[in-house]
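The report that follows goes through one model, moving from overall form to surface and then to confidence.

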Amino acid sequence: MAALGIAIGGSNWFSALALGVTLLKCLLIPTYHSTDFEVHRNWLAITHSLPISQWYYEATSEWTLDYPPFFAWFEYALSHVAKYFDQEMLNVRNLNYSSSRTLLFQRFSVIFTDALFVYAVHECCKCIDGKKAGKELTEKPKFILSVLLLWNFGLLIVDHIHFQYNGFLSGLMLLSIARFFQKRHMEGAFLFAVLLHFKHIYLYVAPAYGVYLLRSYCFTANKPDGSIRWNSFSFVRLISLGLIVFLVSALSLGPFLALNQLPQVFSRLFPFKRGLCHAYWAPNFWALYSALDKVLSVIGPRGFLRCLILCALSSFMFGWHVHEKAILLAVLPMSLLSVGKAVDASIFLILTTTGHYSLFPLLFTAPELPIKIVLMLLFTTYSISSLKTLFRKEKPLFNWMETFYLLGLGPLEVFCEFVFPFTSWNLKYPFIPLLLTSVYCAVGITYAWLKLYVSVLTDPPVGKTKKQ
Amino acid sequence: MEKWYLMTAAVLLGLIVRWTVSLNSYSGAGKPPMFGDYEAQRHWQEITFNLPIKQWYFNSSDNNLQYWGLDYPPLTAYHSFLCAYVAKFINPDWIALHTSRGYESQAHKLFMRATVLIADLLIYIPAVVLYCCCLKEISTKKKIASVLCILLYPGLILIDYGHFQYNSVSLGFALWGVLGVSYDWDLLGSLAFCLAINYKQMELYHSLPFFCFLLGKCFKKGLKGKGLVLLIKLACTVVASFVLCWLPFFTEREQTLQVLRRLFPVDRGLFEDKVANIWCSFSVFLKIRDILPHHIQIMISFCFTFLSLLPACIKLTLHPSPKGFRFTLVSCALSFFLFSFQVHEKSILLVSLPVCLVLSEIPFMSTWFLLVSTFSMLPLLLKDELLMPSVVTVMAFFIACATSFSIFEKTSEEELQLKCFSTSVRKYFTCFTFLPRIIQHLFLTSVITMILLTIMTVTLDPPQKLPDLFSVLVCFVSCLHFLFFLVYFNIIIMWDSKNGRSQKKIN
């Protein structure tokens with residue numbers, strides 16, 4: 001009994017947090033789901049019932065397969081479990097099929113695959129050093145980071161209400177970051193290559209990976225002042241990295257290369273191949289170019305993490321056809337930085353709070369209104385208060401302007417959700433709440449981006465051999 | 001308080017769990033002609049809004065008492081009236097006389113669920129937070145943990161936000177009563193408790209402990225002086241609150257009698273449906289409902305109930321203390337549940353509330369009891385298609401209690417508050433040292449049985465000759481548990497202050 005007690009008891013807070021959020025996800029099963037639900041059901045059907053040669057050509061439904069091949073294989077694997085729940089969902093002609101068993105299966109598949117995310121969070125916690133910690137469990141950085149990641153508001157409502165599979169994908173990314181912190185660069189590179197072939201949106205942060213691996217892995221040593229030692233370049237490492245990327249890509253795109261379908265696959269993945277591609281990459285790269293110089297002199301996984309977040313944010317800011325869900329790409333890695341330094345905590349809180357608020361329009365149904373408000377309040381009060389407590393010995397996290405801005409989200413929500421719908425303008429200009437939300441959040445996100453940029457540029461360049 | 005943000009987080013978590021459970025089905029959903037408790041509440045809004053007060057409790061062409069006639073005291077009627085008033089603004093079709101029978105829609109469900117949440121937020125949740133903040137001799141962390149565990153108690157959430165009822169109002173008022181009376185705000189406490197009784201007459205299960213505790217306080221203050229003054233003030237408060245609530249019904253004798261007839265339907269039998277009390281379980285072996293005449297049934301039930309709660313109540317009157325009060329609330333409510341007349345399975349919530357209050361003192365046994373109490377309502381929950389939320393909330397509650405209170409490490413005699421009892425027994429049987437181990441084994445057996453029975457009820461079909469087999473098994477097993485707990489709580493009460501003052505509280 002005592003052994004059972006210790007296993008379940010207070011020493012294993014991480015399991016309690018993970019189990020708790022899993023149970024919450026189970027409670028969210030009957031909530032509203034978006035068209036993304038039908039998208040994934042369709043992909044289950046396509047990968048199950050049709051041969052590979054048809055996967056990227058099938059167009060019965062408007063939701064054609066537009067993710068890289070690994071994701072298609074993932075859906076294929078899921079479909080073999082799905083057939084025990086409801087065979088009908090695997091019929092390509094059953095558009096908008098959503099029996100209760102289908103719903104149950106789909107929801108459980110997201111909850112189940114989140115296990116990878118939980119594992120990744122566990123690994124990330126190992127990379128945080130707890131020197132700043134007090135004796136109290138709730139004040140330890142590991143605990144705070146676990147809550148910020150496992151109970152992340154954005155992930156919960158996008159994955160488990162709206163319906164997507166960002167959990168395990170973010171898990172892959174966080175795991176690769178953790179591997180870099182643990183100096184297991186090859187694994188990190190491999191994980192990222194795999195991730196790219198699951199969802200190509202992660203190309204946004206590929207420059208960060210490329211630069212970091214080149215700078216800190218291929219150049220094996222630094223001069224005492226932190227700058228590159230040019231003669232320490234290791235061709236072996238470069239080749240092995242290249243080999244990893246090549247092998248992963250071969251595994252993913254190989255079958256389609258053999259079928260001569262590569263152009264079709266790419267046209268699905270990048271629907272506006274010519275002009276727009278250049279259009280959205282250009283500002284991203286340009287934004288990064290100016291920091292490249294500084295970035296090259298920032299060594300260590302922390303520098304890489306900042307670079308990654310900057311990439312993600314820049315692409316969010318300037319990218320074309322960017323979905324508001326892409327803010328999660330920046331928010332999740334930023335959590336890792338937030339428990340390290342007060343400045344990062346401040347940026348994280350502004351970014352996260354406004355980013356999460358910008359996700360509100362995704363859930364527009366009445367039964368989900370209390371859920372999104374209460375869950376947002378829960379995450380926001382916890383994140384702000386716990387980080388404030390963690391950094392209470394340093395100067396306050398927010399100045400008056402920032403505090404005012406964040407508090408302004410409350411009245412904004414009341415106006416958009418409760419006041420505006422009952423005014424006469426609702427019929428003439430129904431887009432106003434969305435417009436206000438987007439503009440207000442854009443201010444916050446831009447501000448966070450600028451602050452992060454500035455802090456990267458003004459950080460002392462000398463490579464302190466920080467472990468973090 | 002420090003760590004206020006963790007307290008806020010606990011309350012917000014409680015709210016989220018409540019609302020997500022409310023997204024599921026409710027009692028009688030889509031089941032004409034009678035539907036269920038949800039339709040009953042809607043119907044009461046219709047009746048109270050459209051008919052004059054004098055007709056609320058009477059049978060008439062507009063008010064068919066056979067179709068969910070009002071059978072709760074006036075405060076419930078006033079509450080329904082208030083809700084109906086709001087409903088009129090949103091959609092009058094919801095409460096239109098006669099035509100709104102069986103009305104079901106997404107918007108209406110949202111409205112009804114919102115009324116439960118608002119009532120909960122206004123009455124029950126603040127009481128719980130205040131109660132835990134005022135707990136003495138425990139750390140802030142344990143206070144927050146108590147709030148979390150009490151708010152996560154599955155039974156109340158599933159019945160109020162799943163099945164659909166307003167138990168949080170009456171239980172909340174009762175809790176305010178407990179708070180008032182425990183911290184010497186006797187008049188306010190009794191006022192709150194009177195409101196509770198006037199909301200649901202089942203709160204009478206708690207009335208004896210309140211009475212004995214307050215009487216004991218008066219005795220302690222001396223019946224010749226301050227005690228008498230207090231007694232008179234209390235009597236006046238009680239009478240005044242009853243008069244205020246029942247004012248419209250005191251105008252005529254017939255009105256008062258009719259309401260009483262609706263509240264206490266003595267014409268109905270010893271029990272209805274399957275409930276985990278003695279009479280229902282006993283009738284597995286011997287059909288007493290059919291054998292004994294009606295008035296004998298009432299007599300037997302009365303005798304057993306009062307015999308079983310007398311010792312604790314007498315002790316409370318002679319030695320009034322907040323701790324004794326809480327435990328007597330448990331044992332009295334449990335006695336009533338087990339032996340009383342016309343008990344419904346939801347009445348177990350009246351026992352669960354006081355057990356929640358002693359959660360921080362005896363976490364292991366309280367958690368065990370609260371799990372069993374939820375399990376005892378399994379047939380009802382399955383009927384309402386609440387299997388998934390039930391399983392999830394039970395697991396969440398269990399994890400919350402297990403991690404917050406480290407319950408499995410707190411099974412020694414001292415922590416089970418059985419030290420005095422064991423010492424007394426050891427005077428006769430020196431080898432009586434195995435109590436904690438027995439209790440641990442019993443717990444394990446109990447959990448395994450409950451899980452097995454749940455799986456069996458969900459997956460298997462009962463044999464044709466015994467269609468109620470699983471419900472009866474659930475009731476029988478729960479009843480055995482409750483008897484065990486009745487004995488346990490009575491032991492704690494009776495053996496308590498032998499060396500009460502010298503015992504240090506370890507938390």
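## Overall form of chain B

In this predicted model, chain B has a radius of gyration of 23 Å, which agrees with the value near 23 Å that a compact globule of 507 residues would have. Taken along the principal axes, the box filled by the C-alpha atoms of chain B is roughly 70 × 65 × 60 Å.

The secondary structure of chain B consists of 22 helices, with zero strands. When contacts in chain B with a separation of 6 or more are considered, 76% of them join residues that lie 24 or more positions apart.

## Burial, surface and charge

Among the 507 residues of chain B, 57% count as buried. The area that chain B exposes comes to about 21500 Å², and 69% of this area is supplied by carbon and sulfur atoms.

Chain B carries 42 positive and 31 negative charges, and the mean positions of these two sets are 10 Å apart.

## Confidence in chain A

For chain A, the pLDDT averages 86, and 86% of the residues score at least 70. Over residues 273-281 of chain A, however, the pLDDT is below 50, and this stretch has eight contacts in the model beyond near neighbours in sequence. The pLDDT is also below 50 over residues 462-468 of chain A, a stretch for which the model shows 10 contacts beyond near neighbours in sequence.

Notes:
Residues are numbered from 1 along each chain as its sequence is written. Chains are lettered from A and ligands numbered from 1 in the order in which they are written. This is a predicted model: local features need pLDDT of at least 70, side-chain atom pairs count only at pLDDT 80 or more; totals for chains, interfaces and linings use all residues. Side-chain values use heavy atoms; hydrogens and water are left out. Helices (H or I, at least four residues) and strands (E, at least two) are DSSP runs, numbered from the N terminus. The radius of gyration is taken over C-alpha atoms; the globule rule is 2.2 Å times the number of residues to the power 0.38. Buried means under 20% relative accessible area, exposed over 50%, partly exposed in between (1.4 Å probe, protein chains only). Contact means heavy atoms within 4.5 Å. Accessible areas come from the Shrake-Rupley method with a 1.4 Å probe; for residues, only the protein chains shown count as cover. Lys and Arg count as positive and Asp and Glu as negative; His and the chain ends are not counted. The place of a charge is taken as NZ of Lys, CZ of Arg, CG of Asp or CD of Glu. pLDDT is the predictor's confidence in each residue, from 0 to 100.
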